[in-house]
Amino acid sequence: MNIFSDLCGFMKHRKKYWMLPIILTLLAIGALVVLGGTSAVAPFIYALF
Amino acid sequence: MARLILGISAFYHDSAAALLCDGDIVAAAQEERFTRRKHDPSFPANAVRHVLREAGVTTMDQLEAVAFYDKPFLKFERLLETYHAFAPRGLKSFLKAIPIWIKEKLFIRKLIQDELAPLCPGHVPLLFPEHHLSHAASAFFPSPFESAAILTIDGVGEWATTTIGVGSGNSIRILRQLDFPHSLGLFYSACTHYCGFKVNSGEYKLMGLAPYGDPDSPQTREWRHLILDEILDLREDGSLLLNMDYFAYATGLTMCHNARWERLFGIRRREKETELTQPYMNLALAVQQVTEEVVLRMARTAKELTGESRLVMAGGVALNCVANGRILRSGLFEDLWIQPAAGDAGGALGAAYAAHHVWQGEERRVNRCRDQMKGAYLGPGYASGEILMAARRWGAPCVAYDDFDRLCADVAESLAAGQAVGWFQGRMEYGPRALGHRSILADPRNEEMQRRLNLKIKYREGFRPFAPAVLEEDIGEYFDLDRPSPYMLLVAPVKEERRKPLPDGFPQRSLWERLYHIRSDIPAVTHVDFSARIQSVNRDVSERFWKLIRAFKDRTGFGLLVNTSFNVRGEPIVCSPEDAYRCFMRTDMDLLVMENCVFRKEDQPPPQDLANWQATYELD
């Protein structure tokens, strides 16, 4: 998938390989969350994320 | 073959689209104007459709590139590092934010491609210039300067919250950068929140409230010192460190730790829509004074680093026109140009410019006499014929003038008689200000006009000031300003000889006493500190608006009008004739002029949708 090559390119460029396990874990958890149907509507008052 | 580039800002706030053709702006518009949802963050499908239609683009293959206004992965990196740095604080925010990223924002390339596909099929390179590069590009490339210092200040992009750079020819170099969480924009937003206004739209209100603060009060002086001693560590070069003990935005879902602010200032956070008392006005003034000091120091550093004699600015803080006026009066730079869509909406234009000049390396053409923004009139326009057909559909009687000069003379007479006029002409403005194409206009000499416009027409807070639109050649007759201010982004004092003396103890009087005291011979546009947020109107850029003001001058001797945006509180500025007619009928406006068609309120049938219409718009 493009997203993985994009992310790998980004981490290589920024030399931030420590992000890899976090991203993989999050993607795994995220898949569960998404499959679970949790709303992804932003609850923020200022759009920082 | 023409080189077309589409710029997009989306998914945070103020989504917009802009289209460049060989470096020339074809069209630009904000999504909120079409969807009627203020600060709409959704993908700007309507705005994209509009800008592509203006250029006759039907397939993506006609475009050189699509440029999105920030780098999503870099923003994600900032999120992860911030959560890591503050852990275990921020767990709740983390659990809210991450699903959004996992579900959507990490896949933004696909998201954009999917959204564009039904609008315009085909394949095109997708670029992601940095957020502050987009701001810098939106400030420098359309400016009338060959080279300039560049200052961008906002809440936050990816990491950067402020950058200083230099632009020359078709290149931009970023020289200094201040990173999250230390942000002047977020500091101002936190103060906005504490004073009971809505973050992301109430900043303007805080700025408008500041002149009601008492500059000689010990409280104002003490709070200014408290801010600088406890909250914001300001360095000589304008860089700053925020004391994060006072701010919650890095890890929480609110702007500030209210209890700590309460302990520091001794006043509670003001609840929305409650009475505005003097302490909040004094706090607004202290915050504004600190903000101006920071911006001025940043501008001084930009001057020292670049040696340039001109400055360009963008980012949400560049909409703080009082601070801009301070930079101008400081004499640091010979000239100053500010992107009229300085907030995130302008990022769409900046991203497109960055793609054209930085990525493609295209040469830049500079017109030293005029910027490239075309008056910021870059949105949709409607012909008189369309408006007449719509009027028939609505059953709305109107008079269609053949002679526009005659129309101006008649409208000027109505204005001079105290009527409020909805003025809808040509292409809609790009950016937050109405500049005479989607405006409500009135007589600035009228002593009751500020109250009437605020309470009966705009339905907004009574303290809020109004801006004058003045013939460019007449600026010096009314204001201490020696140059044009076409985008309402400079504040300058009303001329001394036009002012009326203030009674003793004026700063200590109540807000309403001060507000309704007649301060000059143009009271509706003179703020309590004798300042005015000026729009100068150039005949070549906005001929119809210029002609109307000229007709008003012929009638009254005054070459200026009150100019406020054509909307009510919480509503985006009107876009289409339908929006304008609906707004006209719901408010106390007396006259609506759309192109050559004049609608008088007394001729109109009663509106059908008056019940509870204000609930349509969330208060800003």
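Angles under 35 degrees count as roughly parallel, over 145 as roughly antiparallel, 65 to 115 as roughly perpendicular, and the rest as oblique. This is a predicted model: local features need pLDDT of at least 70, side-chain atom pairs count only at pLDDT 80 or more, and totals for chains, interfaces and linings use all residues. Residues are numbered from 1 along each chain as its sequence is written, while chains are lettered from A and ligands numbered from 1 in the order in which they are written.

**Exercise 1. Classify the packing of helix 15 and helix 19 of chain B.**

Solution.
- Fix the elements. Helices (H or I, at least four residues) and strands (E, at least two) are DSSP runs, numbered from the N terminus. Helix 15 of chain B covers residues 404-416, and helix 19 of chain B covers 543-556.
- Take the geometry. Axes are lines fitted to C-alpha atoms, for helices over the stretch in contact, and angles run from 0 to 180 degrees between N-to-C directions. The angle is about 55°, and the axes are 8 Å apart.
- Classify. Helix 15 and helix 19 of chain B are therefore oblique to each other.
- Add the hand. A crossing is left-handed if the near helix is turned anticlockwise from the far one by less than a right angle, and right-handed if clockwise. This crossing of helix 15 and helix 19 of chain B is right-handed.
- List the contact. Two residues are in contact if their C-beta atoms, placed from the backbone, lie within 7 Å. Helix 15 of chain B contributes residues including Phe404(B), Cys408(B) and Leu415(B); those of helix 19 of chain B include Leu548(B), Phe552(B) and Arg555(B).
- Sort by class. Ala, Val, Leu, Ile, Met, Phe, Trp, Tyr, Cys and Pro count as nonpolar, Asp, Glu, Lys and Arg as charged, and the others, Gly among them, as polar. The contact of helix 15 with helix 19 of chain B has 10 nonpolar, 1 polar and 5 charged residues.

**Exercise 2. Describe how helix 11 of chain B packs with helix 9 and with helix 12 of chain B.**

Solution.
- Start with helix 9 (residues 218-231) of chain B. It packs on helix 11 (residues 278-306) of chain B at about 50°, with the axes 9 Å apart. Helix 9 and helix 11 of chain B are therefore oblique, and their crossing is right-handed.
- Find the residues. Trp223(B) and Ile227(B) are among those of helix 9 of chain B that meet helix 11 of chain B, where the partners include Leu283(B) and Val287(B). This contact of helix 9 with helix 11 of chain B has 9 nonpolar, 4 polar and 1 charged residues.
- Turn to helix 12 of chain B. Its axis and that of helix 11 of chain B come within 9 Å and cross at roughly 45°. That makes helix 11 oblique to helix 12 of chain B. Here too the hand is given: helix 11 passes helix 12 of chain B in a right-handed crossing.
- Find the residues. Val295(B) and Leu296(B) are among the helix 11 residues in this contact; Val322(B) and Ile327(B) are among those of helix 12 of chain B. By class, the contact of helix 11 with helix 12 of chain B has 6 nonpolar, 3 polar and 2 charged residues.

**Exercise 3. Trace the sheet of 9 strands in chain B.**

Solution.
- Define pairing. Two strands pair if DSSP finds at least two bridges between them.
- Write the order. The sheet is open, runs 13-21-20-14-15-19-16-18-17 (chain B), and has mixed pairing.
- Mark the edges. Strand 13 (399-400) and strand 17 (490-493) of chain B each pair on one side only.
- Place the helix. Helix 12 (residues 321-330) of chain B packs on the sheet and touches strand 17 and strand 18 (531-537) of chain B. Its direction makes about 70° with that of strand 17 of chain B.
- Inspect one pair. Strand 20 (residues 591-594) and strand 21 (residues 597-600) of chain B run antiparallel, joined by 4 bridges. Leu592(B) has Phe599(B) as its bridge partner.

**Exercise 4. Trace the sheet of 5 strands in chain B.**

Solution.
- Write the order. This open sheet runs 3-2-1-4-5 (chain B), with mixed pairing.
- Mark the edges. They are strand 3 (24-30) and strand 5 (126-127) of chain B.
- Inspect one pair. Strand 4 (residues 63-68) and strand 5 of chain B run parallel, joined by 2 bridges. Ala67(B) stands opposite Leu127(B).

**Exercise 5. Locate the cis peptide bonds at Pro88(B) and Pro181(B).**

Solution.
- Ala87(B) and Pro88(B) are joined with omega about 5°. Pro88(B) sits in the loop between helix 3 (72-86) and helix 4 (91-103) of chain B.
- Phe180(B) and Pro181(B) are joined with omega about 10°. Pro181(B) sits in the loop between strand 8 (171-179) and helix 7 (184-194) of chain B.
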